[in-house]
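Grab a coffee and open the viewer. Here are a few short exercises, each with a worked solution.

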Amino acid sequence: MKLIPVYGNKSVEPTLWRLMVERSKEDDPFMPWAERKLPTKEAYFKDVRQRKYHRFFVIKVGRKHVGVILVQKNNEVGVILFPKYRSTGYGKEALELLLDEENPISGGHFRARIHPHNVRSIRMVESLGFLHRYNIYEL
C-alpha cells in the first residue's frame, strides 16, 4: 500500500472525481447537504486546491486507487473508500500508515467525526485506540 500525495499531483484527479461522484450517490437524503447538486469538475478541484488539508492522499493498493485519506489542520482524519474496497482492511491499513507518519507532528492527538450509524468505521477507529467523545473519536 502507498499513500500518494494529492497536492501537486494532477494524475490523481480522475480518482478524486470518481470518488466524489460515487459518494454523492450514497448521501443520506435526510442529511443537510444531500440536496446539493454535484459541482462541476472545475469547481470541485478548485475547492480541493483552496481547502489545503494538512495532508491529503490517494490510497493505492497494487495498481489500483482504492480511496483517499486526509488530515485536516485540526488533526481530524478522514478515510473515504470506493464501495467495493470497504471492509477489506484497506481503510485501517491506510489510517495506520498515516497515524505513524503524523504522530510526531501532531503530538499523537487525532479525531474522527463519524456518523453514529456508520458502525464499520466506528469499529475501525476504536480498534486503533480512538475513544468515543460526543460522536467524535479521539486518539
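**Exercise 1.** Leaving aside neighbours within four places in sequence, which residues is Ile69 in contact with?

*Solution.* Keep in mind that this is a predicted model. Start with the partners early in the sequence: Leu3 is among them. Next come Arg55, Phe56, Phe57 and Ile59. Then add Gly78 and Val79, and finish with Ala94, Leu95 and Leu98.

**Exercise 2.** Find out which element gives the largest nonpolar core its largest share.

*Solution.* Step one: the core has 37 residues, and Ile69 is listed with Leu16, Phe56, Val77, Leu95, Val125 and Phe130 as having the most contacts inside it. Step two: the elements that each supply at least two residues include strand E1 (2-5), strand E2 (55-61), E3 and helix H3 (90-106). Step three: E3 comes out on top with five residues.

**Exercise 3.** Work out where His65 sits and which side chain it joins through a polar contact.

*Solution.* First, place His65 in strand E3, which covers residues 64-71. Now look for the polar partner: the side chains of His65 and Thr15 are joined at 2.6 Å. Beyond four places in sequence, His65 also touches other residues, including Ile4, Val12, Arg18, Phe82 and Tyr85.

**Exercise 4.** Zoom out and describe the whole protein in terms of its secondary structure and burial.

*Solution.* Count the elements: four helices and seven strands. Put in sequence order, they read β-α-α-β-β-β-α-β-α-β-β. For burial, 35% of the 139 residues qualify. The exposed surface is about 8800 Å², with 52% supplied by carbon and sulfur atoms.

Conventions: Residues are numbered from 1 along each chain as its sequence is written. This is a predicted model: local features need pLDDT of at least 70, side-chain atom pairs count only at pLDDT 80 or more; totals for chains, interfaces and linings use all residues. Side-chain values use heavy atoms; hydrogens and water are left out. Buried means under 20% relative accessible area, exposed over 50%, partly exposed in between (1.4 Å probe, protein chains only). Accessible areas come from the Shrake-Rupley method with a 1.4 Å probe; for residues, only the protein chains shown count as cover. A polar contact is a pair of N or O atoms within 3.5 Å; within protein, one must be able to donate a hydrogen and the other to accept it, and residues adjacent in sequence count only if both atoms are side-chain atoms. Contact means heavy atoms within 4.5 Å. A nonpolar core is a set of buried Ala, Val, Leu, Ile, Met, Phe, Trp, Tyr and Cys residues joined through side-chain atoms within 4.5 Å.
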